[in-house]
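Visitor: I have a chain in front of me and would like to go through it step by step. Where should we begin?

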Amino acid sequence: MKAMERWFNVGKIVNTHGIRGEVRVISRTDFPEERYKKGNKLYIFRERDTEPIEVTVKSHRVHKSFDLLSFEGYDSINDVERFKGAMLKVPESQLGELAEGEYYFHEIIGCTVVTEGGETIGAVKEILTPGANDVWVVRREDGSEALIPYIDEVVLHVDPDRKTIIIRPMEGLLE
């Protein structure tokens, strides 16, 4: 791993689950099914550590609104208790190429959203993943929020390099 490599959050370990070494994770990743695949490498960043702890995913399942993970070599609650509150991350080198029209969360968050008529709506502050399509939460200048569905009828152009998104507002979308 290169010393200056950028790291991207995958999730936060919020608790242990059961006695067999599972941890409960609140995910912050675009592709949990890919990140948590058996055999994948993740890195645990604890506040007091100077180096991350590399772990290999042994199992993944979803329980309620959490992702439950276990790691190879960490087979009991005693092994993983120390990970509570830690962040799971991956290095930039582990990010794969995406298909056209797909973006990583970090590429979208912070982008300025503008209508096709040139009106600035605000900046994307977070991404919700409720089901059929993602919803981009845009913070307006007045502090209110607009919810922009990531669908072809609304999102016309995304330029992550210039940090801009052009949309065509549907009726009632920006009210």
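Guide: We can begin with the barrel. This is a predicted model, and it contains a closed barrel of six strands with antiparallel pairing. The strand order in the barrel is β1-β2-β5-β4-β3-β6.

Visitor: By what angle are neighbouring strands of this sheet turned against each other on average?
Guide: Strands of a sheet pair through backbone hydrogen bonds, either parallel or antiparallel. In this barrel the pairing is antiparallel. With direction ignored, the average turn between neighbouring strands is 50°.

Visitor: Over how many bridges do β1 and β6 pair?
Guide: Strand β1 covers residues 7–17 and strand β6 covers residues 87–91. Within this pair, Lys-12 stands opposite Met-87. The two strands run in the antiparallel sense, and the number of bridges is five.

Visitor: Is Lys-12 buried, partly exposed or exposed?
Guide: Lys-12 has its place in strand β1. Leaving aside neighbours within four places in sequence, Lys-12 is in contact with Arg-24, Val-25, Ile-26, Arg-28, Gly-85, Ala-86 and Met-87. Buried would require under 20% relative accessible area, and exposed over 50%. Lys-12 has 31% relative accessibility, so it counts as partly exposed.

Visitor: Which residues touch the most other members of the largest nonpolar core?
Guide: This core has 19 residues. Strands β1, β2, β3, β4, β5 and β6 each supply at least two of them. The residues that touch the most other members are Leu-42, Ile-44, Leu-69, Phe-71 and Leu-88.

Visitor: How many residues are in the other core, which lies apart from the largest one?
Guide: Among the members of that other core are Val-113, Ile-127, Trp-136 and Val-154. The core lies apart from the largest one, and its number of residues is 16.

Visitor: What is Leu-69 in contact with, leaving aside its neighbours within four places in sequence?
Guide: Leu-69 belongs to the largest nonpolar core. Its contacts include two other residues of that core, Leu-42 and Leu-88. The full set is Gly-21, Glu-22, Val-23, Val-25, Tyr-36, Leu-42, Ser-59, His-60 and Leu-88.

Visitor: How far apart in sequence are the parts that Arg-61 and Glu-22 tie together?
Guide: Side chains of opposite charge can pair when their charged atoms come close. Arg-61 forms a salt bridge with Glu-22, and their closest N and O atoms are 2.9 Å apart. Arg-61 lies in strand β4 and Glu-22 in strand β2, so the parts tied together are apart in sequence by 39 residues.

Visitor: Which of these counts does Glu-22 fall under: buried or exposed?
Guide: Its partner Arg-61 counts as partly exposed, at 39% relative accessibility. Buried means under 20%. Glu-22 has 12% relative accessibility, so it counts as buried.

Visitor: Which strands hold Glu-54 and Lys-41?
Guide: Glu-54 forms a salt bridge with Lys-41, with the closest N and O atoms 4.0 Å apart. Glu-54 is partly exposed at 43% relative accessibility, and Lys-41 is partly exposed at 33%. The pair ties together parts that are 13 residues apart in sequence, because Glu-54 and Lys-41 lie in strands β4 and β3.

Visitor: Which residues are linked with Lys-125 in a network of salt bridges?
Guide: Lys-125 forms a salt bridge with Glu-126, the closest N and O atoms being 3.9 Å apart. Lys-125 is partly exposed at 31% relative accessibility, and Glu-126 is partly exposed at 33%. The residues linked with Lys-125 in the network are Glu-126 and Glu-145.

Visitor: Which residue takes a positive phi in the hairpin of β9 and β10?
Guide: Strand β9 (residues 135–139) pairs with strand β10 (residues 145–149) in the antiparallel sense over five bridges. Glu-145 in β10 is the bridge partner of Arg-139. Five residues lie between the strands, and the one with a positive phi, near 95°, is Gly-143.

Visitor: What distance separates the centres of domain 1 and domain 2?
Guide: The chain is divided into domain 1 (5–92) and domain 2 (103–165). Seven residues of domain 1 are in contact with four residues of domain 2. Taken over C-alpha atoms, the distance between the centres is 29 Å.

Terms used
Residues numbered from 1 in each chain as written. Predicted model: local features only at pLDDT ≥ 70, side-chain atom pairs only at ≥ 80, totals over all residues. Heavy atoms only, no water. Pairing = 2+ DSSP bridges. Helix = DSSP H or I, 4+ residues; strand = E, 2+ residues; numbered from the N terminus. Axes fitted to C-alpha atoms, helices over the stretch in contact; angles between N-to-C directions. Core = buried A, V, L, I, M, F, W, Y, C linked by side-chain atoms within 4.5 Å. Buried < 20%, exposed > 50% of the residue type's maximum accessible area, 1.4 Å probe, protein only. Contact = heavy atoms within 4.5 Å. Salt bridge = Lys/Arg side-chain N within 4 Å of Asp/Glu carboxyl O. Domains from an automatic or database assignment.
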